[in-house]
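Work through these exercises with the structure open. Try each task before reading its solution.

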Amino acid sequence: MHITQLNRECLLHLFSFLDKDSRKSLARTCSQLYDVFKDPALWPLLHFHSLTELKKDNFLLGPALRSLSICWHSSRVQVCSIEDWLKSTFQRTICSRHESLVSDFLHQVCERCPNLASVTLSGCGHVTDDCLVRLLLCCPRLRALRLENCARVTNRTLAAVAAHGRALQTLHVDFCRNVSAAGLRRLRAACPRLVLRAEHSAAMIPDQHPCPPAPGAALRKLPPR
């Protein structure tokens with residue numbers, strides 16, 4: 001019996017055991033299998049282990065997506081977590097190659113995946129509050145949001161959860177250094193039923209923006225003539 005003689009349900013079940021690359025390779029063999037690959041029902045779960053995977057064409061974003069995970073564990077995560085004003089030219093060059101990848105990807109998710117129920121982001125140092133606010137607004141069925149080592153996440157995300165996360169049941173903001181204890185207290189007061197976890201976040205040193213020099217400071221430093 002040839003694989004193409006199987007009915008659609010069997011083919012979807014067969015595809016479900018394959019990883020993204022294997023699904024794409026099998027889809028290239030004939031138009032019938034390509035149609036199965038493009039079926040939104042095949043893609044309720046998406047897991048990415050590096051940012052380069054987000055640029056591939058071996059997956060499909062659609063209304064069937066329920067769970068999304070982007071976990072980047074790389075030495076470059078440490079570079080992304082450095083405050084922008086402290087980065088060297090070389091470090092800025094490294095970040096420029098991928099700093100918008102996750103945000104651009106999540107923008108597509110917001111447009112195509114309104115039924116998303118769970119999102120996990122780990123090591124995504126360039127994800128901003130604006131991006132997460134948009135996710136909460138566009139995915140009203142979101143029940144779990146897990147953030148780890150996302151350096152740009154601040155109390156604005158916590159406020160957005162209180163305002164827009166009506167379906168949210170679980171929120172993790174672990175190792176997010178710009179989330180404060182005061183922000184966590186406000187969220188707990190606003191959403192007492194929310195399962196909130198913030199390992200080490202409030203205890204970490206937040207970003208310290210450099211203070212502009214006082215007027216005339218440069219003149220005072222000039223050596224006397």
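**A loop residue with a positive phi**

**Exercise 1.** Locate F175 and decide whether it is buried, partly exposed or exposed.

Step 1. F175 sits in the loop that links strand 5 (170-174) to helix 9 (181-190). The model is a predicted one.

Step 2. The relative accessible area of F175 is 32%. Buried would need a value under 20%, and exposed one over 50%. F175 is therefore partly exposed.

Step 3. Now the backbone. Most residues other than glycine have a negative phi. F175 is not a glycine, yet its phi is positive, at about 55°.

**Exercise 2.** Find N149 and describe its phi and its exposure.

Step 1. N149 belongs to the loop between strand 4 and helix 8.

Step 2. N149 has a positive phi of about 55°, although it is not a glycine.

Step 3. The relative accessibility of N149 is 28%, so N149 counts as partly exposed.

**Helix packing**

**Exercise 3.** Work out how helix 6 and helix 7 are arranged, and list the residues that meet.

Step 1. Find the two elements: helix 6 covers residues 101-112 and helix 7 covers residues 129-138.

Step 2. Read the geometry. The helices pack at an angle of about 15°, and their axes are 9 Å apart. Angles under 35 degrees count as roughly parallel, so helix 6 is roughly parallel to helix 7.

Step 3. Add the handedness: helix 6 passes helix 7 in a left-handed crossing.

Step 4. List the partners. Helix 6 supplies S103, L106, H107, V109, C110 and E111. Helix 7 answers with C131, R134, L135 and C138.

Step 5. Sort them by class. This contact has 6 nonpolar, 2 polar and 2 charged residues.

**Exercise 4.** Repeat the analysis for helix 7 and helix 8.

Step 1. The packing angle is about 10°, with the axes 9 Å apart. Helix 7 is therefore roughly parallel to helix 8.

Step 2. From helix 7 come D129, D130, L132, V133, L136 and L137. They meet R156, T157, A160, V161 and H164 in helix 8.

Step 3. By class, this contact of helix 7 with helix 8 holds 6 nonpolar, 2 polar and 3 charged residues.

**Exercise 5.** Which residues of helix 7 are buried, and what do they pack against?

Step 1. The buried residues of helix 7 are D129, C131, L132, V133, L135 and L136.

Step 2. Their packing partners are helix 6, strand 3, strand 4 (144-148) and helix 8 (155-164).

**Two residues and their surroundings**

**Exercise 6.** Trace the side-chain contacts of N115.

Step 1. Place N115 in the loop between helix 6 and strand 3 (118-122).

Step 2. The N115 side chain reaches the backbone oxygen of P63 at 3.0 Å.

Step 3. The side chains of N115 and R141 form a polar contact of 2.9 Å.

Step 4. Skip neighbours within four places in sequence. N115 is then in contact with P63, L65, R66 and R141.

**Exercise 7.** Is F48 buried or exposed, and what does it touch?

Step 1. F48 lies in strand 1 (residues 45-48).

Step 2. Its relative accessible area is 0%, so F48 is buried.

Step 3. Not counting residues up to four places away in sequence, F48 touches K20, E53, L54, F59, L68, S69, I70, C71 and F105.

Step 4. Take K20. F48 and K20 are 28 residues apart in sequence, and their C-alpha atoms are 9.8 Å apart in space.

Definitions and conventions
Residues numbered from 1 in each chain as written. Predicted model: local features only at pLDDT ≥ 70, side-chain atom pairs only at ≥ 80, totals over all residues. Heavy atoms only, no water. Axes fitted to C-alpha atoms, helices over the stretch in contact; angles between N-to-C directions. Helix = DSSP H or I, 4+ residues; strand = E, 2+ residues; numbered from the N terminus. Parallel < 35°, antiparallel > 145°, perpendicular 65-115°, else oblique. Left-handed = near helix turned anticlockwise from the far one by under 90°. Contact = heavy atoms within 4.5 Å. Nonpolar A, V, L, I, M, F, W, Y, C, P; charged D, E, K, R; others polar. Polar contact = N/O pair within 3.5 Å; in protein donor to acceptor, adjacent residues only side chain to side chain. Buried < 20%, exposed > 50% of the residue type's maximum accessible area, 1.4 Å probe, protein only.
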